[in-house]
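Subject: Handing over the model

Hi,

Here is the structure I promised to pass on to you. Have a look at it first, and then read on for what I found.

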Amino acid sequence: MPDGIAANHGTRYGIGIHGGAQMAISVPYFTIKTKSDPGELIFRRRPMANSQARLAGRYTLEPDIDLEAFSCRAVIDWIVICFWLGRKTQIQWLKRDVDSALGTNCHVDIHDEEPGGVSDKFDVTIQEPDLRKIRALCDALEAKYGSEILPAVRAIEISVDFKPKDPDDAARAKLYTALTRHFWTDRDVISRPYDRPRFTWGTKAEAAAEKKKKHDQVLMHLPKEEPCVNEHFLISTEHDRAPFVDANYYVGAKNADVRWRIMDKVVDQQNRDAGTFVPLDDADKRVRVEVTLDRPAVERLGVTFLEDLPNLHFARLQKSFFTFMLPTFHGTGKAGRPLGAAINIWHDQHRIRKFLKIGVIGLKAMDDARERLAKKLRRQEQGRMVANGLKMQRPSRVGTQKAGTFRAYEELNGRVSDALGELERRVGAAFSK
């Protein structure tokens, strides 16, 4: 096992070995907004007790973290509802009615605006929605304006919060590190650079004022370089950047129909443009995983109208949007192993580096890039071998499916599924008569 990996934003990002390479690896994590040194996360090596061929003889690295020390709760963070009224009105009058009914300050967008600033179509964004109050609002607006169609769900953001049962900054930093390393999605978030994992720690205004960038990508990509150069970055670990524990970690482009954010939530009611926020008490600080679903993704879930929400099986969203996976690696075996096994171990040393810095998404990208390179080399050599009367051995098909050699992080996935199931029950109760 190498004794260290490349620097991260000028700070040495080292690997510590505990009890020998067979036992555990410690990975330090760092902050960018403050000068604090929150600590390290230890990954322990566990042999695979799995009969699947793709996992035979392998081991996994599991984070040494007590998930039971955190409460886990799922919430609807915000929802955008499209109201198509039976008659036209101006935006300020609709906003007055909405804010009065909900007791809050909602954002309202007007569509198809006509002379006089009137329209019959509006989108209303409601933070921390109270579904019972929203249903009452829908009835009130229909009584006052009529309606062309039922109120429709334009977009929704669902969050899963992990809150330490005993408030602890270090515990949140450790969990944030684990979540960003083990977060997984089946969607292709590598082919398009803007979909790739990245992290931010400030606003554009702050970046302009300080003349420093406030964002970075975890996987290097240079738009003007040849494809082979960017392919090299997927395999190499030299330019990988681990996210700071007080940064916001994003996956999916800003305009994607599905996008994620993982964050250590220490403020509320933040307005980035105005630079205002409300600091949270220590007891309310939590690590949050958010998924934002725009209209195409919402529609695929079978939700068109607000009244469809009770039919949404929230617990099933875990598999599609809140999945966490564990990486696996070749077992070391006995001394005197054959050359092929030695090469596998060497490759896995680089795979471990990739995982510890940027997680299973980056590691899967590395595995896929290596497989593309291997296919290219096989095609180049195949003709030469046939000309010399030789036959190329078929590559192994073990571990070539979508999950590769990764396995589900069952304990973490189970906590999230339970939280989403509880959210499903709360939503159902809000729509009960």
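Let me begin with a small puzzle: which residues does Asp99 touch, not counting those up to four places away in sequence? The answer is Thr104, Asn105 and Cys106, where contact means heavy atoms within 4.5 Å.

Before going further, a word on the basis. This is a predicted model, in which local features need pLDDT of at least 70 and side-chain atom pairs count only at pLDDT 80 or more, while totals for chains, interfaces and linings use all residues. Residues are numbered from 1 along each chain as its sequence is written, and side-chain values use heavy atoms, with hydrogens and water left out.

Back to Asp99, which lies in helix 1. Helices (H or I, at least four residues) and strands (E, at least two) are DSSP runs, numbered from the N terminus. With a relative accessible area of 17%, Asp99 is buried; buried means under 20% relative accessible area, exposed over 50%, and partly exposed in between (1.4 Å probe, protein chains only).

Now the sheet. Its 9 strands form an open, antiparallel arrangement in the order 8-9-7-10-18-15-14-12-13. Strand 8 (107-111) and strand 13 (215-217) are at the edges with a single partner strand each, so one side of each has no neighbour in the sheet. On average, neighbouring strands are turned by 20° against each other, direction ignored. Helix 1 (residues 91-102) packs on this sheet, touching strand 7, strand 8 and strand 9, and its direction makes about 140° with that of strand 7. Axes here are lines fitted to C-alpha atoms, for helices over the stretch in contact, and angles run from 0 to 180 degrees between N-to-C directions.

Strand 9 deserves a closer look. Of its 10 residues, 8 are buried. Strand 7 (residues 70-90) runs antiparallel to strand 9 (residues 118-127) and is joined to it by 9 bridges; two strands pair if DSSP finds at least two bridges between them. Within strand 9, Val124 is the bridge partner of Ile81, and Thr125 that of Val80. Strand 8 also pairs with strand 9, in the antiparallel sense over 5 bridges, and Asp109 stands opposite Asp123 in strand 9. The hairpin of strand 8 and strand 9 has 6 residues between the strands, and Asp112 there takes a positive phi near 55°.

Happy browsing, and do write back with your thoughts!

Best wishes
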